[in-house]
Amino acid sequence: MNLRPLHSAFPLLLLVIACLLLGSPTLPQTTTPSAAAGPKPPANGTVPLFNVRKDGKFGYIDKTGKIVIPLTYDEAYDFQEGLARVEIGGKAGFIDRSGKVVIPPQYDRVSTPGSFSEGLIGVTVGYQHGFLDKTGKMVILPQYYNSGPFSEGLAAVRTGPKWGYIDKSGRMVISPQYDWAFKFSEGLAGVDVGEKRGWIDKTGQMVIPPLYGPMRVALDFHEGLVAVELDEKWGFLDKTGKTVIPFKFDDAMEFSEGLAAIQVGNKWGFVNKTGKIVIKPRYREVEGFSEGLANVKVDSKWGFIDRAGKIVIEPQYDWADGFSHGLANVGFGGDGGYIDKAGKYIWEPTK
């Protein structure tokens, strides 16, 4: 199901913040994934599989719509690095692409987004976070109040009230000192000091001072730029902290395929890296470009536009995710289905 940006769902964020302060394993790195979320590119380049649900059970289809892993799970998530998280009876485990159980369902909670990253995944035992490898071995013992995924060799972890970073051996390489910490992207990671966001490098040096926000939003550097908020307006910084697109928008998202969504008033459009508006703000909601198309909301329905702003799939869905591997996950309030770029159903959703 379609996921809105965190900064568009402030009530949910308040709940997340409250849970975090109480020691909940909910993470700030990203929103919790929909079980029917669209697939992400497999790390090993194999033919993609897509999770689907019917009659309350999940399984996987291939790109032709053929069921390749039976619909037997209570929840199913995307394959990443050859494994996918599945749930039975409230317990999470992992299967491989043949459907074989590699890590039996036994964990109450798995780190958001619920997929392996750089060979490891965070799991919760009791109320403490540790990390498993792909064999199911606990390689970093549960000892943290909270954790994020590994990215560029490091993972954010919370010990007590503060966040720091560990490497894959579990060694603390950047001491806990931040009020919130996010994953590394393009060599930098966002950290909060009080209510302000800055960015550090992998040595822990503050490269971009904490001047921006407050932003309870996991925005990363993408394509060399990051969206930030200053004095209630949004603009974009480069990795030196230089403002390259002025603070003049009411909201903004990350760059994807050379374009970034921006909000003017209550409408969304897109800018290029010079800050020029290339698709006029006219949509109620949008998401980033993926495979040349972006999902946009017109009135109460979602459809898809191309980079020229032309509607190529008419707004008709209650929700829609971006394209990946040539398919997009769409739905009408019931179980989701998949369409190709011509709008043809590969797996028809339940209405």
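Which side chain makes a polar contact with the side chain of D220? The partner is the side chain of K183, at 3.0 Å. The model described here is predicted. Its chain has 351 residues, of which 52% count as buried, and its secondary structure comprises 1 helix and 34 strands.

**Surroundings of D220**
- D220 sits in the loop between β19 and β20.
- Its relative accessible area is 7%, so D220 is classed as buried, the limit being under 20%.
- Leaving aside residues up to four places away in sequence, D220 touches K183, S185, L225, V226 and E254.
- K183 therefore appears twice for D220, in the list of residues touched and as the polar partner at 3.0 Å.

**Salt bridges**
- The count of salt bridges comes to 17; three of the pairs follow, including K134 with E81.
- K134 and E81 meet through their side chains, with an N to O distance of 3.7 Å.
- K134 belongs to the loop between β10 (128-132) and β11 (138-144), and E81 to the loop between β4 (75-80) and β5 (83-88), so this salt bridge ties together parts that are 53 residues apart in sequence.
- The two ends differ in class: K134 is partly exposed at 32% relative accessible area, whereas E81 counts as buried at 18%.
- In the salt bridge between K91 and D108, the closest N and O atoms are 2.3 Å apart.
- That pair links distant parts of the chain, 17 residues apart: K91 is in strand β6 (residues 91-96), and D108 is in the loop between β7 (101-107) and β8 (109-110).
- K91 is partly exposed, its relative accessible area being 31%.
- R171 and D167 form another salt bridge, with 3.3 Å between the closest N and O atoms.
- Here R171 is exposed, with a relative accessible area of 51%, while D167 counts as buried at 14%.

**Nonpolar cores**
- In soluble globular proteins, nonpolar side chains tend to be buried together.
- The largest nonpolar core in this model has 22 residues, and W199 and F236 touch the most other members.
- Two or more residues of this core come from each of β19 (206-212), β20 (226-230), β21 (233-237), β22 (243-249), β23 (251-256) and β24 (259-264).
- A second core is separate from that one and has 14 residues, among them L154, Y165, W180 and A181.

**An open sheet of 4 strands**
- Strands of a sheet pair through backbone hydrogen bonds, either parallel or antiparallel.
- In one open sheet, 4 strands follow the order β12-β13-β14-β15, with antiparallel pairing.
- Its edge strands, β12 (146-147) and β15 (172-178), each pair on one side only.
- Within this order, β13 (residues 155-159) and β14 (residues 162-166) run antiparallel and are joined by 5 bridges.
- One of the positions involved is T159, whose bridge partner in β14 is K162.

**Whole-chain values**
- Among contacts in the chain with a separation of 6 or more, 35% are between residues 24 or more positions apart.
- The chain exposes about 14,800 Å², and 55% of this area is supplied by carbon and sulfur atoms.

Terms used: Residues numbered from 1 in each chain as written. Predicted model: local features only at pLDDT ≥ 70, side-chain atom pairs only at ≥ 80, totals over all residues. Heavy atoms only, no water. Salt bridge = Lys/Arg side-chain N within 4 Å of Asp/Glu carboxyl O. Buried < 20%, exposed > 50% of the residue type's maximum accessible area, 1.4 Å probe, protein only. Core = buried A, V, L, I, M, F, W, Y, C linked by side-chain atoms within 4.5 Å. Contact = heavy atoms within 4.5 Å. Areas by Shrake-Rupley, 256 points an atom, 1.4 Å probe, with all protein chains shown as cover. Pairing = 2+ DSSP bridges. Polar contact = N/O pair within 3.5 Å; in protein donor to acceptor, adjacent residues only side chain to side chain.
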